Structures are given as structure tokens and as C-alpha cells.
Amino acid sequence: IEGDVIADSQQPTLAEVTKLDNHRHRPEVVQALAHGEGSSQRTSVSLNVPYCYFALRADEGETPVGVVRSALTVSSIQAETTGMRRLIWALVAGVIACVLALADWIVGHIINPVETLTQAAEAIASGNYQNRIYVANRDELGMLARTFNRMGQELNTRVTQLSESHDRQSTVLEGMIEGVIAVDPRQR
């Protein structure tokens, strides 16, 4: 409490510790004695190096019995902060890379097959029943692509059959000399 230093991790012997200045009036010690803890950033009186100090009052019951003080050089804190910034930026870059990879996977496995199916549907709607599509997915989109291909093949077969039937009917009707009347099952 009087400000005498009784231990210092930087001093090799107790004789060296006793040679240190009284720390009673150091800002962090004054704050710790008054409020339980204190901190300051300043140049060390004994080492002439910028430090960050933190002091914590040690109490025995309600009575303060001393102050424990810790110090780090500002340069070591800045080095640690720089390292943390680099780590954070590396993590951000990693997250961005993962998001881009996920977006690429979504485009490749969902959006592109849907576009291919849309183009196939438009081709079938315009009468191109021979158009075949290939979707590598083994999910619902792949099943839908295979169904589109079967539908196109069936439509192509039906259109070909209708065309052939129409051609036969036209040939028969054109070769007839007599008139022809078509009647439905109800005789209309």
C-alpha cells in the first residue's frame, strides 16, 4: 500500500527489486487504490518504453493490502492487434470463398438445369419434339429432364402417326369418285 515494489518479473533478484522506485503515485496504482482497478498508457519511467499498465487492488476483507500491476509494451499489443486483424481478414476471405463456392454449386446444380428445362419446354411448345436434353442431376430436376425427353419422344411419335394417318386419309379421299359423309356414333 505504501508503494514499495515487493516483486517484479523483470528483475532477477530481490536485491534488484528493492532498488526500484516507489510506485505509490503511478496513475494506475492511484486508480486501483481508489476504485479497485486502474489503467494507463504512458512511457515507463525506468525503461523509457511506451507501456499499457493495468493495476488491481488486493483486499483482505475490507482492507486494501496491496496492488498487483501488470504491464505490456505498446508495441507488443500493436503486434497482437495486427495479428488479429490479419486473422480476421483471412477468415473474411475464407467465408467469401465459401459463399462463392456455394453460389457456384447452386448455379451449377439448380439454376442451370432449370434453364435447360425451360429451353426444352419452349422447344417442345414450338413443335420441335426431337429436342433432347441432358441434366446430370439425379434428383427431381434430373427426373424431370428424363420425363421431358420421354414426353418429346411420345409427342414426336404421335405427331408422326397423325401425319401418316392424315396423309392416308387424304390419299383415300382424293382418290374417291363418290361423295363421303362423316357420321358420329349418334348418327349425326
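How many residues lie between E1 and E2 in the hairpin that they form? The model is predicted, and in it E1 and E2 form a hairpin with 6 residues between them. This hairpin offers a convenient place to begin, and the account then moves to the sheet, the helices and several individual residues.

The sheet is open and consists of 3 strands in the order E1-E2-E3, with antiparallel pairing. Its edge strands are E1, which covers residues 37-43, and E3, which covers residues 63-73; each of these pairs on one side only. On average, neighbouring strands of the sheet are turned by 20° against each other, direction ignored. Strands of a sheet pair through backbone hydrogen bonds, and the pairing may be parallel or antiparallel. Between E1 and E2, which run antiparallel, there are 7 bridges. One position to look for here is serine 39, whose bridge partner in E2 is phenylalanine 54. On the other side, strand E2 (residues 50-60) is joined to E3 by 10 bridges, and these two strands also run antiparallel. In that pairing, tyrosine 51 stands opposite threonine 73 in E3.

Two helices pack on the sheet. Helix H3, residues 74-125, touches E1, E2 and E3, and its direction makes about 65° with that of E3. Helix H2, residues 27-35, likewise packs on the sheet and touches E1, E2 and E3, but the direction of H2 makes about 170° with that of E1.

In a regular strand the side chains alternate between the two faces of the sheet. Strand E1 can be read in this way: Gly38, Ser40 and Arg42 make up its covered face, while Glu37, Ser39, Gln41 and Thr43 make up the uncovered one. Two residues of the covered face also meet helix H2 through proline 27. Proline 27 lies in helix H2 and, leaving aside its neighbours within four places in sequence, is in contact with Ser40 and Arg42. Although proline 27 and serine 40 are 13 residues apart in sequence, their C-alpha atoms are 6.6 Å apart in space. Is proline 27 buried, partly exposed or exposed? Proline 27 counts as partly exposed because its relative accessibility is 37%, a value between the limits of 20% and 50%.

Arginine 42 leads on to the aromatic residues, as it lies over the face of tyrosine 53, at 4.2 Å from the ring centre. A pair of aromatic rings is described by the distance of the centres and the angle of the planes. The structure holds 1 aromatic pair. This pair is formed by tyrosine 51 and tyrosine 53 and is stacked, with 5.7 Å centre to centre and 25° between the planes. Both tyrosine 51 and tyrosine 53 are buried.

The two tyrosines have a further neighbour in serine 44, which lies in the loop between E1 and E2. Not counting residues up to four places away in sequence, serine 44 touches Val49, Tyr51 and Tyr53. Is serine 44 buried or exposed? Serine 44 counts as buried because its relative accessible area is 6%, under the limit of 20%. Its side chain has a polar atom that lies 3.1 Å from the backbone nitrogen of leucine 47.

Asparagine 48 belongs to the same loop, the one between E1 and E2. Its phi is positive, about 55°, although asparagine 48 is not a glycine. With a relative accessible area of 62%, asparagine 48 is exposed, whereas serine 44 is buried. Another positive phi in a residue other than glycine occurs at glutamine 187, where the value is near 65°. Glutamine 187 is found in the segment after helix H4 (140-175) and counts as exposed, at 66% relative accessibility.

A last stop is histidine 23, in the loop between helix H1 (14-18) and H2. Which residues does histidine 23 touch, not counting those up to four places away in sequence? They are Gly3, Val5, Val29 and Arg69. Histidine 23 is buried, with a relative accessible area of 12%.

How values were computed. Residues are numbered from 1 along each chain as its sequence is written. This is a predicted model: local features need pLDDT of at least 70, side-chain atom pairs count only at pLDDT 80 or more; totals for chains, interfaces and linings use all residues. Side-chain values use heavy atoms; hydrogens and water are left out. Two strands pair if DSSP finds at least two bridges between them. Helices (H or I, at least four residues) and strands (E, at least two) are DSSP runs, numbered from the N terminus. Axes are lines fitted to C-alpha atoms, for helices over the stretch in contact, and angles run from 0 to 180 degrees between N-to-C directions. Contact means heavy atoms within 4.5 Å. Buried means under 20% relative accessible area, exposed over 50%, partly exposed in between (1.4 Å probe, protein chains only). A polar contact is a pair of N or O atoms within 3.5 Å; within protein, one must be able to donate a hydrogen and the other to accept it, and residues adjacent in sequence count only if both atoms are side-chain atoms. Rings of Phe, Tyr and Trp (its six-membered ring) pair if their centres lie within 6.5 Å; planes under 30 degrees apart count as stacked, over 60 as edge-to-face and the rest as tilted. A charge sits over a ring if NZ of Lys or CZ of Arg is within 6 Å of the ring centre and within 35 degrees of the ring normal.
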